[in-house]
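Here are a few exercises to work through with the model open in your viewer. Try each one yourself before you read the solution.

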Amino acid sequence: MGKLHQSGIIATGSYVPDKVITNQDLEKIVDTSDEWIVTRTGIRERRIAEADMATSDLATKAAQAALESSNLIAKDLDMIIVATVTPDMNFPSTACLVQRNIGAVNAAAFDLEAACSGFLYGLAVASQFIATGVYRNIMVIGAECLSRFVNWQDRNTCVLFGDGAGAVILSRVEDGYGFLSQILGADGNGASLLTLEAGGSRKPASVETIEKQMHYIHMDGSEVFKFAVRIMASMAEAAVKNAGLTEKDVDYLIPHQANIRIIEAARKRLDLPEDKVYINLDRYGNMSAASIPVALDEAVRLGRIKKNDNIVLVGFGGGLTWAACTIKWAV
Ligand code: ACO
């Protein structure tokens with residue numbers, strides 16, 4: 001094998017549906033309050049896809065936005081990875097539907113599932129292909145339609161999630177730029193803490209699975225919370241150290257957007273001021289694999305991220321899984 005190439009993000013795009021559900025709207029559906037949701041999570045509203053839209057539709061719009069912000073056309077893409085826990089269907093993959101929709105005729109396409117860590121897992125996979133020179137341009141998308149899998153009568157979960165999609169394009173970048181460190185991890189012993197049990201090979205769809213409401217997301221919120229606080233802070237710190245940097249070198253933190261208290265733990269561990277952390281969970285809730293790429297795209301478009309900045313991305317999710325990376329922004 002020849003020289004390894006440095007890979008980095010050269011373009012971003014995102015899409016969220018227009019329809020807004022506020023905490024006040026939820027007060028009319030379940031026994032909850034705006035005050036409880038805001039103080040426990042930081043979420044004020046979330047976006048919900050229209051009935052005729054599925055995850056591939058949101059992903060397609062994010063993909064088109066990322067292409068528009070690049071110098072590339074769809075035919076230049078060598079691979080499309082869609083990270084999602086809410087694919088349109090079990091198969092074909094959502095990535096194949098996006099590939100068709102945008103006309104990326106030269107791209108290999110597959111889905112990747114690592115729950116809320118999925119987008120960062122996707123970046124790690126894509127960057128290997130670029131490093132080895134096998135591919136030049138890879139699109140990584142995080143896209144979710146979680147509203148279809150939330151039990152709107154369960155206040156423990158329905159207040160937390162939202163729909164959306166974010167996309168990035170990875171290409172070769174100058175030496176010294178792009179990914180400086182990448183961390184992936186998993187602990188399957190925590191598999192039962194966050195589940196959507198029915199519809200797979202263990203519990204195929206049946207009258208019983210529907211009666212027992214097993215097609216909805218189930219979560220042990222307080223156990224996930226404890227894990228998340230610990231892992232977000234420690235992985236953000238490890239990503240910086242593995243990049244050969246110190247906390248002082250970090251210009252911007254883009255964390256997974258599940259709960260403001262979990263984000264605060266990571267921010268404090270890196271000793272960052274509040275204006276160096278991007279937060280959009282007040283507007284979108286937790287969009288699982290879509291949270292980080294949507295936040296990244298918004299931060300880029302707002303000019304919060306500039307060439308030479310050291311950016312830390314960190315997330316955690318069902319599985320259990322976690323992931324983090326440090327990027328020296330190249331464009
Ligand atoms: N409104 C009012 N009360 C509520 C609501 C609500 N929407 N939801 C739960 N409660 C109640 C519960 O019924 C419980 O009441 P009880 O004590 O009478 O039984 C109580 O509030 C729970 O309170 P706490 O334990 O203090 O709640 P906590 O501070 O843990 O916050 C939360 C709950 C927000 C879910 C938190 O645990 C959390 O954020 N966990 C992590 C969730 C997460 O990040 N998930 C990622 C999943 S993403 C993926 O991989 C798909």
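**Exercise 1.** Find the loop that holds Pro92, then check the peptide bond from Phe91 to Pro92.

*Solution.* Step one: Pro92 is in the loop between β4 (79-83) and α4 (94-102). Helices here are DSSP runs of H or I with at least four residues, strands are runs of E with at least two, and both are numbered from the N terminus. Step two: the bond from Phe91 to Pro92 is cis, with omega near 5°. Before going on, note that this is a predicted model, where local features need pLDDT of at least 70, side-chain atom pairs count only at pLDDT 80 or more, and totals for chains, interfaces and linings use all residues. Residues are numbered from 1 along each chain as its sequence is written, and side-chain values use heavy atoms, leaving out hydrogens and water.

**Exercise 2.** Look at two more backbone spots, Leu320 and Gln213.

*Solution.* Start with Leu320, in the loop between β12 and β13: the peptide bond from Gly319 to Leu320 is cis, with omega near -15°. Next, Gln213 sits in the loop between α7 (207-211) and β10 (218-219). Gln213 isn't a glycine, yet its phi is positive, about 55°. Why flag these? Because most residues other than glycine have a negative phi, and most peptide bonds are trans.

**Exercise 3.** Describe the shell around the ligand: how many residues, and of which classes?

*Solution.* First, count: 25 residues surround the ligand (a heavy atom within 4 Å), and the closest are Thr32, Arg40, Cys116, Arg155 and Asn259. Second, sort them: eleven are nonpolar, ten polar and four charged. Here Ala, Val, Leu, Ile, Met, Phe, Trp, Tyr, Cys and Pro count as nonpolar, Asp, Glu, Lys and Arg as charged, and the others, Gly among them, as polar. Third, ask which element gives the most: α8, with four residues.

**Exercise 4.** Which atoms of Thr32, Arg155 and Gly318 lie 2.6 Å, 2.9 Å and 3.1 Å from the ligand?

*Solution.* Each pair below is a polar contact (N or O atoms within 3.5 Å).

- Thr32: a polar side-chain atom is 2.6 Å from a ligand nitrogen.
- Arg155: a side-chain N or O atom is 2.9 Å from a ligand oxygen.
- Gly318: a backbone N or O atom is 3.1 Å from a ligand oxygen.

To finish, look at cover: the ligand alone exposes 1,000 Å², and the protein buries 73% of that (Shrake-Rupley areas, 1.4 Å probe).

How values were computed. A polar contact is a pair of N or O atoms within 3.5 Å; within protein, one must be able to donate a hydrogen and the other to accept it, and residues adjacent in sequence count only if both atoms are side-chain atoms.
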